Each structure stands twice: as structure tokens, then as C-alpha cells.
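Here's a quick walk through one protein chain, written for someone who likes numbers alongside the picture. Have the viewer open and follow along.

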Amino acid sequence: MINWSTLSDAEKTEALSRPAMADSESLRNTVAGILADVTSRGDDAVLEYTRKFDCPSLEALQLSTEARDALAAQVTAEVQDAIKTAFNNVKQFHEAQYPEDIRLTTTPGVVCEQRFTGLEAVGLYIPGGSAPLPSTVMMLGVPSLVAGCKRRVLCTPPNAEQQIAPEIAFAANLCGIEEIYLCGGAQAIAAMAFGTDTITKVDKIFGPGNSFVTEAKQQVSQRADGAAIDMPAGPSEVLVLADANASAEFVASDLLSQAEHGPDSQAILVSESQALIEATKAEVTAQLARLSRESIASKAMQNARYILADSVEQAIEVPVLFSLAHGRRRVLAIMHQVQTTCCLPMAMRVTIPVWDCLILCAAIPFRNCLKTVCAIWAPQLCNWPMPKGWTLTVTRCAIAWKPCNVTIRSREPVYE
């Protein structure tokens, strides 16, 4: 447990530092090698890497329409209803965001116009494997649908049986995505950015991923023959800001919901209650024992931080300094202080994973990009210069091109 009030400014920065990559130079070189290999050998390289890391028996990169529909049909009626509910919620919100065209006479005889049209071709990366994320399909698929992108390519890692999660197939069908390719990692990013015989090059790549995916996205975006990207999104991180009245069980679930994404995920709890912190630690241990992804989450939780503040007011300072990506706070006051892009669920009895059925947008930047890069929204998939610097300060919602990115999604009273 870290006592916040006893730390110097340098120690506070150190306490909130992200888990360092074991060897960032090695990561860059490995990804650069994969990109070069895919550029040179195309489909053969993508298949080789996919067989090595995901599916040894993979025969073809593209998932056929018949296979996709068969997988989607396996989804239970209950899960279908949940995905449809999420789809409708996300679609309504992004339709409301879509800007109107502008036609303005600035001087007699001078007419200026700004029109919004969908990007021609976009690549949507969906993490898969042992942790399929149909919610990410909707967070990316729905905005691209609303924006009117003509061609939408979805890449996701296959399992050992050359298949993807039925829920991902169902969500893709719902979003009207026709092209699905069975590949993940840096090789998938390379295929979408540079193109192969099977996967035609896209204009811009969207979606979160592990360290290799994030590094690959950044490298292809810096090459003249590459593709634009939405943002560096990943590895996952969460900061829970909870007072003494919070449920230790739910706080632990919030922490583990991101920790199970990968061993390089980061989870932080900040509270003014030592009793809550101790109870949460115990609950994390208990819940870890029941997780199917216990080995991954356990590694991530080795980098967890439990921070004790003197008061709620002091506790709010921590996420402001941290630039949180996924924040949890059950008071309204923090919204007026946090100036970074994040998801800020506000409810007493709902954990972060539940918001995936209600949420408006969770495709958000990570790490140092939180202060300058906005979350995914429909206009980002259009042909127009993207404004940067979304703000969570509600009082600034009216400022031009600084739309508020806070998502107030509570079905219960918000407690101050």
C-alpha cells in the first residue's frame, strides 16, 4: 500500500509510472522485422506468423461468409439480445455525434463548404484468442457504419480450430462487416497497412491490441507506404477511485476486468479508506482463483498499485496526474477536474464489463496520448481534419470542437 501524502512529487510520478516494457528496443526491432517480412512475402508471411502464434493448421486467411454465418448462429438468444442492445445504444450515440455539412458565404461571391464523407477503406483490429471482445467490434464497427465507410476490413486472431468467437461473428454481422480475416498481431496490422494478395490495403487502421499491435500501428503510420491510425490503444489500464462506501467485490472486479487482458496491463486503486483497500486486496486474491485467465491476470496484478489518500479531495488528484484511460469514480466532482480522454462509468452497483452492453464508446487512447488524442467517434472515420484535445470538463461542452468525452451512463442516482 502506498501512502500518497508521504510521497514527493518525483515519488508520485514513479508510483504512477506504467509497467516498463521488458525490452522496448527489442519490441521495436521485432515488429519492424515482421512488417518487413509481410511487405516482402505478403500472404505467406501472414499465414506463417498466424500458424506460429495462433492456429498451426490455418489454411486460408479469409473467413468465408458461410463460416461466419454458422458461427453467428451459435450465439444464444440471451447473448444475441445483449449484443443487439449494445449495438442500438452505440449507434444512437454515434448518429447524434455526426456533424452536419457546412456551407458558408464568407464574402460576397465567396462560398466555403465543408462536407463529411466516410473513408473509402478502414481496417478494424479486434483482439481475439482466449479473450474475444465482441464489444470492440461494435465500438469500431458501428462508427464506421454510421460514417458510411464503403469497405471495412476486420482482422482478428483465430483459435486452434481456424475459427473466431461466435460472438465476434454475430457482432460483425450486425455491423454489416463483410470482410473478416483470420490473423492478429503485428502481421495483421502490416497486412492491412501494406496490403497482400488476399487483404487489400486500407486507408486507416482502428482498434486496440497488445504491445506488438500498438507498436506495429505506430510504425506503419510513420511510413509513406503505410496507413493512418486512430491512436495508440493499449496495453489496457484502469484506475479505480473509490470511497469507503464502495463494494470491495466490485472494485476488485473492475481491477481484474482490465488486468486479464494481458500481463502488461496496469490496475490502480485509489481510496481514502485503508479498510476498503485491504478488503479489495483480499477480494482480488479470491477472484483471481476463479478466473479462467488467472495466469495472465496474476502477472498484471504484480504491477498493481494500491494508493491510500488522506481524503477524497486528495484522492481525486491521482487520476488527474495519472491521465487515466478507464476511470471509475462514483462522485460527480472528478468530471470537472480530469482533462483527459477516458471512460468514466458512474454507478453504485455496476462493474466495468457490464458497461460493454450499455457503453457509448470505449475505444480510447492510452498512456501519454490521453491528453491529446480523442476517442473513436464517427467523424474520425470521415474525410476531414480531426480535432484533438477532447475534454472531460462538462463546463466546456459548448466550446467548438472540444466535445465532452465523458460518458454518463448511470441508471441510478449519482452520489456526490
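Of the 416 residues in the chain, 55% are buried. Keep in mind that this is a predicted model. The chain carries 13 helices and twelve strands. Its accessible surface adds up to about 17,800 Å², and carbon and sulfur atoms account for 50% of that. If you look at contacts between residues at least 6 apart in sequence, 74% of them join residues at least 24 apart.

Now for the strands. They pair in a sheet through backbone hydrogen bonds, either parallel or antiparallel. Here are some of the pairings, with one residue pair picked out for each.

| Strands | Sense | Bridges | Residue pair |
|---|---|---|---|
| S9 (residues 237-241) and S10 | parallel | five bridges | Leu 241 and Val 270 |
| S10 and S11 (residues 305-308) | parallel | four bridges | Leu 269 and Tyr 306 |
| S4 (residues 121-125) and S5 (residues 151-156) | parallel | five bridges | Tyr 125 and Cys 155 |
| S2 (residues 102-107) and S3 (residues 110-114) | antiparallel | five bridges | Thr 105 and Val 111 |

Start with S10, which shows up in two of those rows. How many of the six residues of strand S10 (residues 266-271) are buried? Six of the six are, so the strand is largely enclosed by the rest of the structure. Gln 266, Ile 268 and Val 270 point one way from S10, while Ala 267, Leu 269 and Ser 271 point the other way, and all are buried. To get from S9 to S10, the chain passes through helix H10 (residues 248-259), and this β-α-β crossover is right-handed.

S4 and S5 belong to an open sheet of five strands, in the order S6-S5-S4-S7-S8, with parallel pairing. Strand S6 (179-182) and strand S8 (228-229) stand at the edges with a single partner strand each, so one side of each has no neighbour in the sheet. Helix H8 (residues 185-194) lies across S4, S5 and strand S7 (204-206), and runs at about 175 degrees to S4.

The antiparallel row is a hairpin: S2 and S3 have two residues between them, and Gly 109 in the turn has a positive phi of about 90 degrees.

S6 and H8 come back in the surroundings of helix H3. Which residues of H3 are buried? They are Asp 43, Ala 45, Val 46, Leu 47, Tyr 49 and Thr 50. What covers them includes helix H2 (24-41), S6 and H8. Tyr 49 has a relative accessible area of 13%, and because the cut-off for buried is under 20%, this residue counts as buried.

Tyr 49 also has an aromatic partner. With ring centres required to lie within 6.5 Å, the count comes to one aromatic pair. That pair is Tyr 49 with Phe 53, at 6.4 Å centre to centre and 5 degrees between the planes, which makes it stacked. Both residues lie in helix H3 (residues 43-53), four residues apart, or about one turn of the helix. Why does that spacing fit? An α-helix has 3.6 residues a turn, so residues three or four places apart point the same way.

Technical notes:
Residues are numbered from 1 along each chain as its sequence is written. This is a predicted model: local features need pLDDT of at least 70, side-chain atom pairs count only at pLDDT 80 or more; totals for chains, interfaces and linings use all residues. Side-chain values use heavy atoms; hydrogens and water are left out. Rings of Phe, Tyr and Trp (its six-membered ring) pair if their centres lie within 6.5 Å; planes under 30 degrees apart count as stacked, over 60 as edge-to-face and the rest as tilted. Buried means under 20% relative accessible area, exposed over 50%, partly exposed in between (1.4 Å probe, protein chains only). Two strands pair if DSSP finds at least two bridges between them. A crossover is right-handed if, with the strands pointing away from the viewer, the path from the first strand over the helix to the second runs clockwise. Contact means heavy atoms within 4.5 Å. Axes are lines fitted to C-alpha atoms, for helices over the stretch in contact, and angles run from 0 to 180 degrees between N-to-C directions. Accessible areas come from the Shrake-Rupley method with a 1.4 Å probe; for residues, only the protein chains shown count as cover.
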